[in-house]
Amino acid sequence: MISNLLKTAAFATALTVSTFLTAQAQTTMKLATATINDVQHEWIKVFADELAERAPGAVTTEIYPASQLGAIPRMSEGVLLGTIEAFTTPTSFMSNVDPRFQAFDVPGLFTSPEDVHAALHDPEYRDHLETMFLDKGLRVIGAIYNSPTVLFTMEDAKTLEDVKGLKIRTFASPLQIKPMEQLGAIPLPLALSEVIPQLQSGGLDGMLVGVPILTAFKYYDVGKYILDLHFAEVVSVTVVNEDWFQMQSEDTKAAIIAAGRAAEEAVYPWGVENVDRSYATWTENGGVITQLPPEEQAEMEEGFATLAAELLEGQPEVKAEYERLHALVEASKAQ
């Protein structure tokens, strides 16, 4: 009798433990982004592998590229509300959540992938970056170099004069919108999923974009022209819902942070090479790449610098963040 009771108790304990472990394994982390086959998508894939290795069975990751969970504004809302655990996007698309995200978009701040990498991976700054948006309910678990900014146009634009009057899709950041206004273009912030239909219908004449997006989504089948303005480098971040993050065990939280940092280092060279591949792919598919005449490039950069200074003066928090990043870039160049 006692033996049967002990067996029953042992079975019940094993069932309870098994149920608990199964529940732990069912913690889901949806990883969403608007893009596909680019450095953002690559970071997500590497992060998922790194996390599985560091915290086996603790989190089930689900990868949703190419706006599968909605347009960019919906995914931004989703990570704030907690319906999406993590969202990877250029910083520009989070500037409506916190204006400090604009600091990464200041024209001329980053002029190379090395500038971005040096600033984002300074140990002290990296710790700061992870927690600077906690008051908005978001934690940064990934920050990566994306690509230089280029202007895709349906008609050939070779000079600044050619840009005037064009309806240009921009990121949702004043530091992309205002520069286009300064050039005489008409900026229209739109989610990536809305761009091709608008280009085909005439609602848009072009878009500010990182060149890997153009090749990943085969924009060379829609238009042929790139004006390589190269006035800024796109930075992408992965933000995670902080309430969800705090629900994880201490070991799992540590694993998430470590996996994010490891994925950054792993995909940095991939991202740099992908930009080169994308330029080559564009021309191989009949695309045309034009540089501004040197005097116009200098004129544009000078105008953008003046504009950025004016915009930053009215936003002390953004200015402080920009100055911190600028100091790191300058220190890196001096080494």
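Of the 335 residues of the protein, 52% count as buried. The model is a predicted one, and its secondary structure comprises 13 helices and 10 strands. Taken along the principal axes, the C-alpha atoms fill a box of roughly 95 × 40 × 35 Å. Among the contacts with a separation of 6 or more, 76% are made by residues 24 or more positions apart.

**Strands β1 and β2 and helix α2**

Strand β1 (28-33) runs parallel to strand β2 (residues 60-64), and five bridges join the two. Within this pairing, A32 stands opposite Y64 in β2. Together with helix α2 (residues 39-54), the strands β1 and β2 make a β-α-β unit, and this unit is right-handed.

**Helix α3 and its surroundings**

Which residues of helix α3 (residues 72-81) are buried? They are I72, M75, S76, G78 and V79. Seen down the axis of α3, these buried residues fall within an arc of 160 degrees, and they therefore line one face of the helix. A general property of the α-helix is relevant here: with 3.6 residues a turn, residues three or four places apart point the same way. The cover over the buried residues of α3 includes the strands β1 (28-33), β3 (86-90), β4 (138-153), β5 (167-170) and β9 (233-241). Just after α3, G82 takes a positive phi of about 95 degrees.

**Two buried threonines**

T89 is found in strand β3, and at 2% relative accessibility it counts as buried, because the cut-off for that class is under 20%. Leaving aside residues up to four places away in sequence, T89 touches Q40, M94, V235, S236 and V237. T252, in turn, lies in helix α11 (residues 250-284) and is buried as well, with a relative accessible area of 6%. With the same exclusion of residues up to four places away in sequence, T252 touches A58 and V59.

**Aromatic rings**

A search of the whole structure finds seven aromatic pairs, and two of them are set out below.

| Pair | Distance of ring centres | Angle of planes | Class |
|---|---|---|---|
| W43 and F47 | 4.9 Å | 10 degrees | stacked |
| F152 and W282 | 6.0 Å | 85 degrees | edge-to-face |

Why is the pair of W43 and F47 described as stacked? The planes of the two rings stand at 10 degrees, and planes under 30 degrees apart count as stacked, so the pair falls in that class. W43 and F47 are separated by about one helical turn, because they are four residues apart in helix α2. Both W43 and F47 are buried.

For F152 and W282 the planes are at 85 degrees, and since an angle over 60 degrees counts as edge-to-face, the pair is assigned to that class. This pair links distant parts of the chain, with F152 in strand β4 and W282 in helix α11, 130 residues apart. Both F152 and W282 are buried. Ring pairs also link F152 and W282 with Y219 and Y220 into a cluster.

One further ring has a charged side chain beside its face: R277 lies over the face of W270, at 5.2 Å from the ring centre.

Notes. Residues are numbered from 1 along each chain as its sequence is written. This is a predicted model: local features need pLDDT of at least 70, side-chain atom pairs count only at pLDDT 80 or more; totals for chains, interfaces and linings use all residues. Side-chain values use heavy atoms; hydrogens and water are left out. Buried means under 20% relative accessible area, exposed over 50%, partly exposed in between (1.4 Å probe, protein chains only). Contact means heavy atoms within 4.5 Å. The arc is that of the directions from the helix axis to the C-beta atoms. Two strands pair if DSSP finds at least two bridges between them. A crossover is right-handed if, with the strands pointing away from the viewer, the path from the first strand over the helix to the second runs clockwise. Rings of Phe, Tyr and Trp (its six-membered ring) pair if their centres lie within 6.5 Å; planes under 30 degrees apart count as stacked, over 60 as edge-to-face and the rest as tilted. A charge sits over a ring if NZ of Lys or CZ of Arg is within 6 Å of the ring centre and within 35 degrees of the ring normal.
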